[in-house]
Amino acid sequence: MTDTPSRPRLDKSWLYRQSRMLHAYLSAFAFIALMLFSLSGLLLNHPDWFKGKAESQEHTLTLTPAELIEAQRSDDPVRAAAAIVAERLPLKGEYKSGELMDSEAQVRFEGVSGKSDLFINLQDGQVEATIEAATLTTMLHDLHRGKNSGAAWSWVIDLTAILTLLFSLLGYVLFFSLRFRLATSLKLTAVSLVILGGIIVVFVP
C-alpha cells in the first residue's frame, strides 16, 4: 500500500506577516493619496464652500515680421503662432484647440494651473491674450477628475486606484488573522454593502 503524497498547506503565519508588511508599506503612499482625493472630492461635491475668484490678466503684443513668416510657413500656422506667443507671455495651460477664421486665429490653452485665450491676427501680427489663473478649488477639482492634467497625473490616478485596492484587500486578509474580531468585521462589511446598495437603489436617480 503506497502512501499518497500530502498536499502542501498554506503557511498562514507567513501570509499574515507578508500582508502586514505590505499593508504598512502601501499605507505610506495610500494615506496621502486618499486624503488628497477625499478633500478634492468633498470640494467637488460642495462647490459653494470656497468660492475663490479667478484672476485674469489682459495682454497685447505684436509678432515680429520674422515670427509671422515662421508661423505662416508652418504646416499648422495657428499652432505655430500660439507657440511663439507662449514663449513671450506667461500663458496658463497647454495648447487645447485652435481655429482660423479669415486671417484671425482663436486659440485656447487649458490646464490645471488655469486657461488662456488668444486672438492672433496672422496678417499684421496683433495679439490679444486673456490669461486666467485657476483658484485652489478649481485646481483640486481638475486634479480629482484628471481634467487637463496630463499623462503623468493620469498615471498617478491609476496608481492610486490600484494601490488603494491592494491596500483594502490586504486589510481584509488581516481580518482573518484576528479571529476574535473576524465575525464582527464581516458583519460590518455586509451591513455596509447593504446600506450602500440601498442608497443607490432607493435614492440615486
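**Close-up 1. Arg88 and its partner across two helices.** Arg88 is partly exposed here, with a relative accessible area of 39%. Keep in mind that this is a predicted model. The side chain of Arg88 meets that of Glu67 in a salt bridge, at 2.9 Å from N to O. The two residues come from distant parts of the chain: Glu67 belongs to helix α2 (residues 65-72) and Arg88 to helix α3 (residues 77-88), with their positions 21 residues apart. On the Glu67 side, relative accessibility is just 17%, so this residue counts as buried. For burial, the cut-off is under 20% relative accessible area.

**Close-up 2. A salt bridge inside helix α4.** Zoom in on Asp142 and Arg145, and you'll find another salt bridge, with the closest N and O atoms 3.3 Å apart. Both residues sit in helix α4 (residues 136-145), and because they are three residues apart, about one helical turn separates them. How does the accessibility of Asp142 come out, buried or exposed? Asp142 is buried, at 11% relative accessibility. Arg145, on the other hand, is partly exposed, its relative accessible area being 48%.

**Close-up 3. Three charged residues in one network.** Arg108, Glu110 and Asp117 are joined into one network by salt bridges that share partners. One of the contacts to look for is the salt bridge between the side chains of Asp117 and Arg108, at 2.4 Å from N to O. Asp117 has 21% relative accessibility and so counts as partly exposed. Arg108 is partly exposed too, with a relative accessible area of 23%. If you're keeping a tally, the structure holds four salt bridges.

**Close-up 4. Segments listed as transmembrane.** Which stretches does the UniProt record list under "transmembrane region"? The entry, which is unreviewed, gives residues 21-44, 152-174 and 186-204. Take residues 152-174: in the model this stretch is 100% helix and 0% strand. From end to end, the C-alpha atoms of residues 152-174 lie 33 Å apart. Now move along to residues 186-204, where the chain is 89% helix and, again, 0% strand. For residues 186-204, the end C-alpha atoms are 26 Å apart.

Definitions and conventions
Residues numbered from 1 in each chain as written. Predicted model: local features only at pLDDT ≥ 70, side-chain atom pairs only at ≥ 80, totals over all residues. Heavy atoms only, no water. UniProt positions renumbered as here; feature names shortened; annotations may be inferred. Helix = DSSP H or I, 4+ residues; strand = E, 2+ residues; numbered from the N terminus. Buried < 20%, exposed > 50% of the residue type's maximum accessible area, 1.4 Å probe, protein only.
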